[in-house]
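Got the viewer open and the side chains switched on? Let's take a walk through the model, one selection at a time.

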Amino acid sequence: MSDLAMKVIYVEDDDPVRAAGCQTFALADLPVEDFARADAALARLAADQPVVLVTDVRLPGIDGIELLRRVVAIDPDLPVILVTGHGDVSMAVDAMRAGAYDFIEKPFAPEQLVDVVRRAIEKRRLVLENRALKARLTQTSELDGLIGNSPGMCQLRTLIAELGDTEVDVLIHGETGTGKERVAHALHEAGHRRRGNFVAVNCAALPESIFDSEMFGVEPGAFTGATRSRAGKIEHASGGTLFLDEIESMPLALQAKLLRVLQERVVERLGSNRVVPLDCRVVAATKIDLKAESEAGRFRADLYYRLNVVTLVIPPLRERREDIAQLFNVFCLQAADRYGRPLPAMPPAIADSLMAEDWPGNVRELQHAAERFVLGVWRPQSPDASDGSQTLPQRVAAFELLLIENALQLAHGDIANAAATLGIPRKTLYDKLAKLEVDVGRFRAAPQSAAPTPSSR
């Protein structure tokens, strides 16, 4: 949603002042809808609207403070900017506690109002984008879960949709952390086999000594301690999908056993002479070039060609940098829900910093970074933060902001507790919050269903 799609709802009972305000917004290319009374504006407002509210405090009937309270009840994340010629510090504090985005005292320069409104618009835009994304996450399918609009990801989703209802075996190739199991699960869910089991086997973690019993199953008396029949993982996948992760790590002797099962589509339990027919799709995954491994004699060529009917390639994150910001946002939303934390501010500089990284651990590494970011133990390095372009005051201000935000997060937005943690008077903290333009509301505890609120910075 662009700024042009946003609108300013302006409430001012003084006609000349309201006309001047509308002109200020028009000159700044900010669409505006004006009202002389709060009740008329309230009738216009609803949750999830792309609007910000600018209102005078002294109004006939419902005043600005009461209007603020009612708007917060409608949508707690709708930015409300209060304007008054009768304000004082206590009124400003009360307004901020009630949920006001900002507080402007008359007289003020038009540029000041426009600047505050533009920042409020950016906050509102991010909130609505996050809400839409969060709503999508709650109803996402496995295929939708493959996030990204880069050409490589679009092609991958198209192939999964086309192959989902076929019986063809698939080989997935991708670097560590690219999401090979997610792709395998998407294939499983995209066809009729979703009614069966999805059985994942990590070939690197399966000891050779128990391979036969785990993969093929056992009958009583097959070995000491085998007292009952048990189906193996391959048999358990019948009717569904068998996912063989890190197939390149399977020893050659075991590859021969697996090849027979894949060719004959039957399995024979350990200690039994009866063959059990199989009806499963096999999806294997590897992070290396299996063809090169087979040519070098480290992987059976016949097994490679049996698995390599169709190959799906997952592009590494460095080859789809345009997806990084979206992925990071999704992971932050998930982490905020999981840990019960507010969503930290994500200004454009953070996206630039994330896209500048190569992410050798791919999506998994990015997800872990997002979790640390939400927990407040990691902050992306701004691209220009270490190149000497920042002055000492700028660096000091950035460090001060980080300390204040950490204190607010630990105090869940409680100003008094945060001030005590920082060892400064509350009045000093209020002054710093105003100077640094910190949105205290996003640190306060909120219901899990509430949309995260990015900072107003």
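Start with Asp358: does Asp358 count as buried or partly exposed? Partly exposed, at 43% relative accessibility. Keep in mind as you click around that this is a predicted model.

**Stop 1: two loops**

Now add Arg321 to the selection. Its side chain meets that of Asp358 in a salt bridge, 2.6 Å from N to O. The two come from distant parts of the chain, 37 residues apart: Arg321 sits in the loop between β14 (310–313) and α13 (324–339), and Asp358 in the loop between α14 (348–356) and α15 (362–375). Arg321 is partly exposed too, with a relative accessible area of 24%.

**Stop 2: helix α5**

Select residues 110–138, which make up helix α5. Show Arg125 and Glu122 there: they are 3 residues apart, about one turn of the helix. Their salt bridge has its closest N and O atoms 2.2 Å apart. Arg125 counts as buried at 16% relative accessibility, because the cut-off for buried is under 20%. Glu122, at 25%, is partly exposed.

**Stop 3: a network**

Next, pick Asp48, Asp75, Asp77, Arg124 and Arg131 together. A network of salt bridges links these residues. If you would rather hunt for other pairs, the structure holds 37 salt bridges.

**Stop 4: the open sheet**

Switch to cartoon view. In what order do the strands of the 5-stranded open sheet run? The order is β2-β1-β3-β4-β5, with parallel pairing. β2 and β5 (102–105) are at the edges with a single partner strand each, so one side of each has no neighbour in the sheet. From one strand to the next, the twist averages 20°.

Zoom in on β1 (residues 7–11) and its neighbour β2: they pair in the parallel sense over 4 bridges. To see one bridge position, select Ile9, whose partner in β2 is Glu33.

**Stop 5: helix α1 across the sheet**

Bring in α1, which lies across β1, β2 and β3 (51–56) and runs at about 165° to β1. One more salt bridge ties this area up: Asp34 with Arg18, the closest N and O atoms being 3.0 Å apart. Asp34 belongs to strand β2 (residues 32–35) and Arg18 to helix α1 (residues 15–27), so you are looking at a pair 16 residues apart that links distant parts of the chain. Color by accessibility to finish: Arg18 is buried at 13%, whereas Asp34 is partly exposed at 36%.

Note on methods. Residues numbered from 1 in each chain as written. Predicted model: local features only at pLDDT ≥ 70, side-chain atom pairs only at ≥ 80, totals over all residues. Heavy atoms only, no water. Salt bridge = Lys/Arg side-chain N within 4 Å of Asp/Glu carboxyl O. Buried < 20%, exposed > 50% of the residue type's maximum accessible area, 1.4 Å probe, protein only. Pairing = 2+ DSSP bridges. Axes fitted to C-alpha atoms, helices over the stretch in contact; angles between N-to-C directions. Contact = heavy atoms within 4.5 Å.
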